[in-house]
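Colleague: I'd like a close look at one part of this model, please. Pick a helix you find instructive, and show me how its residues connect to the rest of the chain.

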Amino acid sequence: RVLQLMNLTDSRLAQAGNEKLELAMLSFFEQFRKIYIGDQVQKSSKLYRRLSEVLGLNDETMVLSVFIGKIITNLKYWGRCEPITSKTLQLLNDLSIGYPFGKSCWLVKLSAVQFMLNNHTSEHFSFLGINNQSNLTDMRCRTTFYTALGRLLMVDLG
């Protein structure tokens, strides 16, 4: 239901968004990642069968694609909202370090990850264009973003 709600709210972000709802969804993604994505999760899990039936998400790679899509959407529309930007970047960072080498290769091959690696500018991600030198939070956000992208790029380069 959270993923269905996410699709609905993301389609309306150009008009308006709800910060608390976005933060709640990010918390859901973080917990989902910890529990259902990784080597110890059985691929025949009831969850993945249900996701396949309801949303057409057949495997972990497709779910990761949804996660990365949400990260890009948040960074595009919520770049001026520090709590959402920070939590979104933390999710990206966790995804970039949270997998054994083989799974990181899957993550890097996703078109959404390739988009981030090829378009890491303020034109696409507004939080990168904030030039307030005295704000450490903005600098931390940039650092987290580029650290995660650097990790993904190193996997891509082998």
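**A close look at helix H3**

Modeller: Let's begin with two residues on H3: Glu53 is exposed, and Arg50 is exposed as well. Please keep in mind as we go that this is a predicted model. Both residues belong to helix H3, where three residues, or about one turn of the helix, separate them. An α-helix has 3.6 residues a turn, so side chains three or four places apart point the same way. Glu53 and Arg50 do form a salt bridge, and their closest N and O atoms are 3.2 Å apart. Elsewhere, salt bridges with shared partners join Asp10, Glu22 and Lys70 into one network. I'll come back to that network after we finish with H3.

Another H3 residue to look at is Tyr48. Is Tyr48 buried or exposed? Its relative accessible area is 4%, and the cut-off for buried is under 20%, so Tyr48 counts as buried. From the C-alpha atom of Tyr48 to that of Tyr36 is 8.9 Å, with their positions 12 residues apart along the chain.

Tyr36 also takes us to the largest pocket, because Tyr36 is among the residues that line it, and so are Arg50, Leu47, Leu51, Val54 and Leu55. The pocket has a volume of about 280 Å³. Three elements give two or more residues to its lining: helix H1 (2-11), helix H2 (19-36) and helix H3 (46-55). Which of them gives the largest share? That is H3, with five residues. Others in the lining include Arg1, Val2, Leu3 and Gln4, as well as Phe28 and Phe32. Arg50 therefore turns up twice in this story: as a partner of Glu53 in a salt bridge and as a lining residue of the pocket.

Now for the other salt bridges, to set the H3 pair in context. A search of the whole structure finds five. In one of them the side chains of Asp10 and Lys70 meet, at 2.6 Å from N to O. Asp10 sits in helix H1 and Lys70 in helix H4 (residues 60-77), so this pair ties together parts that are 60 residues apart in sequence. While Glu53 and Arg50 are exposed, Asp10 and Lys70 are buried. Another salt bridge brings together the side chains of Asp94 and Arg33, at 3.8 Å from N to O. Asp94 lies in helix H5 (residues 82-97) and Arg33 in helix H2, so here the parts tied together are 61 residues apart in sequence. Asp94 and Arg33 are buried too.

H1 offers one more link along the chain. Ser11 is placed in helix H1, and it is exposed, with a relative accessible area of 53%. Its C-alpha atom is 10.0 Å from that of Thr73, although the two are 62 residues apart along the chain.

Stepping back, the chain has eight helices and zero strands, so you will find a helix wherever a numbered element is named. Of its 158 residues, 41% are buried.

Helix H7 (residues 111-118) shows how burial can be arranged around a helix. Ala112, Val113, Met116 and Leu117 are buried there. Looking down the axis of H7, these buried residues fall within an arc of 140 degrees, so they line one face of the helix. Ser111 and Asn118, on the other side of H7, are exposed.

After H7 comes a loop leading to H8, and Phe125 lies in that loop. Phe125 has 0% relative accessibility and so counts as buried. In space, Phe125 is 9.9 Å from Arg80, C-alpha to C-alpha, while in sequence the two are 45 residues apart.

Let's finish on the surface. Met154 belongs to helix H8 (residues 136-157). This residue is exposed, with a relative accessible area of 55%. Together with Leu153 and Leu157, Met154 makes a nonpolar surface patch of about 320 Å².

Note on methods
Residues are numbered from 1 along each chain as its sequence is written. This is a predicted model: local features need pLDDT of at least 70, side-chain atom pairs count only at pLDDT 80 or more; totals for chains, interfaces and linings use all residues. Side-chain values use heavy atoms; hydrogens and water are left out. Buried means under 20% relative accessible area, exposed over 50%, partly exposed in between (1.4 Å probe, protein chains only). Helices (H or I, at least four residues) and strands (E, at least two) are DSSP runs, numbered from the N terminus. The arc is that of the directions from the helix axis to the C-beta atoms. Patches are made of residues with over 30% relative accessible area and no salt bridge: like charges are joined within 9 Å, nonpolar side chains (Val, Leu, Ile, Met, Phe, Trp, Tyr) within 5 Å. Accessible areas come from the Shrake-Rupley method with a 1.4 Å probe; for residues, only the protein chains shown count as cover. A salt bridge is a side-chain nitrogen of Lys or Arg within 4 Å of a carboxyl oxygen of Asp or Glu. On a 1 Å grid over the protein atoms alone, a cavity is a set of points where a 1.4 Å probe fits but cannot get out, and a pocket is an open set with protein on both sides within 12 Å along at least five of seven lines; lining residues have an atom within 4 Å of a point. Grid points are joined across faces, edges and corners, and a volume is the space filled by probe spheres set on the points.
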